Amino acid sequence: MVKSSRKIWQIHINGVVQSVGFRPFIKNLGDNRLLRGYVRNLGGAGVEVVIETNESKKDEFISSIQNQLPELAIITNIDVKSIETDIEFLDKFEIKKSDVKNVNGSSFSAIPPDISICSNCTNDIFHQDRRIDYSFTSCTDCGPRYATIFGLPYDRPVTSFNDFPLCKDCINEYTEPSNRRFHAQTTCCVNCGPKYAMYRWTESWNEEEFNWNSIISGLKGGKIISIMGLSGTHFALDALNSLKVKEFRKLRRKHSDKPFAVMMKDLSEIEKYCFVSEIDVQILTSARKPIVILPVKDLNKWDDISPGLSSIGVMLPYSGFHHILFKKGAPSVLIMTSANRPGVPMPITPEKVMESSVSISDLVIVHNRKIIQRTDDSVIRSHGNNLLLIRRARGYTPQPFFVEQLMNTNEMIAFGSEENNTISFSKSGWVLPSQHLGHIANLESQEFQNSTVEHLSNLFYFNPKTIITDLHPDFTSTKSAHDYAIKKDIPFYSVQHHVAHASSLALDNNLGYEDSILAWVCDGFGYGSDGQAWGGELIEIDNGSWKRAASLIPIDYDGADQNAKFPARMLINYLKKIGLPLEFFNDNLNLYFPQGKREFEYLVNKKEDSKLTTTSLGRLLDSFSVLLESANQRSYDGEPAIKFEGLATIGKPIIDYKPAISRHGNMEVIDNLEIMRQGIEMMKSYKRQDIALWVHNTIGVTLGEIATNVSNETGIRNIGFSGGIAYNKLITQKFRAELQINNLNLLTHINLPPGDGGISTGQIYYHGVLKNE
């Protein structure tokens, strides 16, 4: 140590600055400038840097930090203090032991998501002796983060890699400043890291010696293999083996047509089978490596994978295990779908993986590295030059959003909705959505939600003072939020479902309290402020309050959720409402109704006296899906409407698309009854796919025309589209085109899902920013 009377600078840095190689980066900057000082992680409050230098060199040092950041790092705030006193100081620059104290309880520092293996580490698994064929290879630039961390500050002891002490060679890499594994907390090699094990089913699971050849030959031979990965588990099999895919669907999903995701070995393989845009290539090859929904070149080839659809979900290899699989000769296109029972979270322990694989898989591949938090594969769909997140999980979570208007608000937690759910926290101006949690309906899913709340609370020192949830009193998420509020003795608030959608869209487009927005929010269901089933609402948010500016004509909704599962029920309601004969069902009524003819006759003869009605655009699309024979029942979320869009994509324009508008009460409304009447009339003369395209385009121009009319009345120029129907390319394109004719632009989502995965963030944004307190 040396005595110094020179100026000492203390620098606090917040943002995504832990688990991204930030300390090694700072040390190298300090060493290159011959500075004396240190860098260390702080518990829940970013990174502290202390240097001894003059003011100009301090400024140059900070400028270098900002301009030369590691790829995954994000800086949101830098605080600098000078200490002009004699102190005992270092004679070099070093990385000091982390300070586990949260030096500022109001501070927030994020960690990066789990990302794909980098090109350097991919090269290592094929060429570096200690890492040849070693799946867990990573460095400061890549690999798992969120799936491994259970505490901050980010050091190996608070990751699941702490169970694997580093060997001498790995220690040398870890302590060498010029090595890209310098202070890489997830680094390891074949000599010291986690190991895979292999089990084969012979009346029970029996362990065999792990052998790549057995895995490759199994996949080539049509075997189904369960593979435990970095943050979850997949079922894998040859996607081009049609017979085996059919067998797998019977085993896995029985009566469901839900699409399977596929993994292709490289981009050229994807381009062989799919139409790929430039923006699709960018996201496919990014470090996030999500599943991307792509249109296929041959519809028939993929019907076993994505029944009734014109697209498939594709991803590229993102782990060392995947790269090794394809390098050793696995089929070039593999089904890689989550290895969970329907409605239940993915298994993440060897025991649960084997339990979930009974009667399905022939081989199970598991490892001994704990998965702290499961994350599904993220799913994205491109709309022209825009990307829409369908499922925000691996590669994105727990990436937060900074909202300056929330800087001085209480910490909040929002419990979201019911299906495709997330939870969100806010703290110090940050909003952090959880990973995709799925449908919160059964005990396992509720436990997953509760464990996620606890994990994020502990990890980021969250201490919510306000709880927000959906308006629906019977949602499981609402009940969970209410229980949490009682337990913590803090206030509980509700935000209407479609208002939360519109608010998440406002956040995504940087619209604050002083701005206004008109957002069409169209989906299957949301509990309305009048107790009715909403789902096609033009929401106006202005001056701290909201109102419903337009909608659809209400239709009988007796049976509630049964109308979504069995959309023929909604078609009957439409036919009865417009007074047309019920002649569109074929003789096998069991295709449409669980109780067949008896249920059909009951619905036909039932008086239209239900107190429950719906204005759902999703239910209108579902009804057309039954009418035009693209789907009879719903076996997965959104299926009828998704298949109806698939039918429309092969349709041809037939007649002009004119807005279908009428008035209901004091509002302009989409005349869904007239759209249904015209669609039925057209069945006498046109092909079903052409009618399907007409329906989509008519809805799109109607959304645009009504939004324009309300915009002219109110002066609001921010027009948006949210909700599950916002994923529909055809409707969105026509909506956007209609607005452009009237010199208006369409706002769509950017970083949050238009579907219910964005609800929890919207709840926080409405309550904390847009609402008039």
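User: Before we start, what does buried mean here?

Analyst: A residue is called buried when its relative accessible area is under 20%, and exposed when that area is over 50%; please keep in mind that the model is predicted.

User: Okay, how many residues of α20 are buried?

Analyst: Helix α20 is mostly covered, with 21 of its 27 residues buried, and in the protein as a whole 61% of the 773 residues count as buried.

User: And what span should α20 have, going by its residues?

Analyst: At 1.5 Å a residue, the 27 residues of α20, which run from 688 to 714, should span 39 Å, and the end C-alpha atoms are 39 Å apart, so the two values agree. The helix is followed by G715, which has a positive phi near 80 degrees.

User: Switching to the open sheet, what is the strand order?

Analyst: The sheet has 11 strands with mixed pairing, in the order β9-β8-β16-β10-β11-β15-β12-β14-β13-β17-β18. Because β9 (205-208) and β18 (386-391) each have a single partner strand, they stand at the edges, and one side of each is left without a neighbour in the sheet. From one strand to the next, the twist averages 35 degrees.

User: Which helix packs on that sheet?

Analyst: Helix α10, residues 350-357, packs on the sheet and touches β8, β9, β10, β11 and β16, and its direction makes about 165 degrees with that of β16.

User: Back to the β9 edge, in what sense do β8 and β9 pair?

Analyst: Strand β8 (residues 196-201) pairs with β9 in the antiparallel sense over 4 bridges, and W201 has W205 in β9 as its bridge partner.

User: What about the loop between β8 and β9, which residue there has a positive phi?

Analyst: That is E203, found in the loop between β8 and β9, where its phi is near 70 degrees although the residue is not a glycine. Most residues other than glycine have a negative phi.

User: Is E203 buried or exposed?

Analyst: E203 is exposed, with a relative accessible area of 77%. D489, in the loop between α12 and β24, also has a positive phi, of about 55 degrees, and is exposed at 69% relative accessible area.

User: Where are the cis peptide bonds?

Analyst: One joins L152 and P153, with omega about 5 degrees, and P153 lies in the loop between α3 and α4. Another joins T397 and P398, with omega about 10 degrees, and P398 is in the loop between β18 and β19.

Definitions and conventions: Residues numbered from 1 in each chain as written. Predicted model: local features only at pLDDT ≥ 70, side-chain atom pairs only at ≥ 80, totals over all residues. Heavy atoms only, no water. Helix = DSSP H or I, 4+ residues; strand = E, 2+ residues; numbered from the N terminus. Expected span 1.5 Å × (residues − 1). Buried < 20%, exposed > 50% of the residue type's maximum accessible area, 1.4 Å probe, protein only. Pairing = 2+ DSSP bridges. Axes fitted to C-alpha atoms, helices over the stretch in contact; angles between N-to-C directions. Contact = heavy atoms within 4.5 Å.
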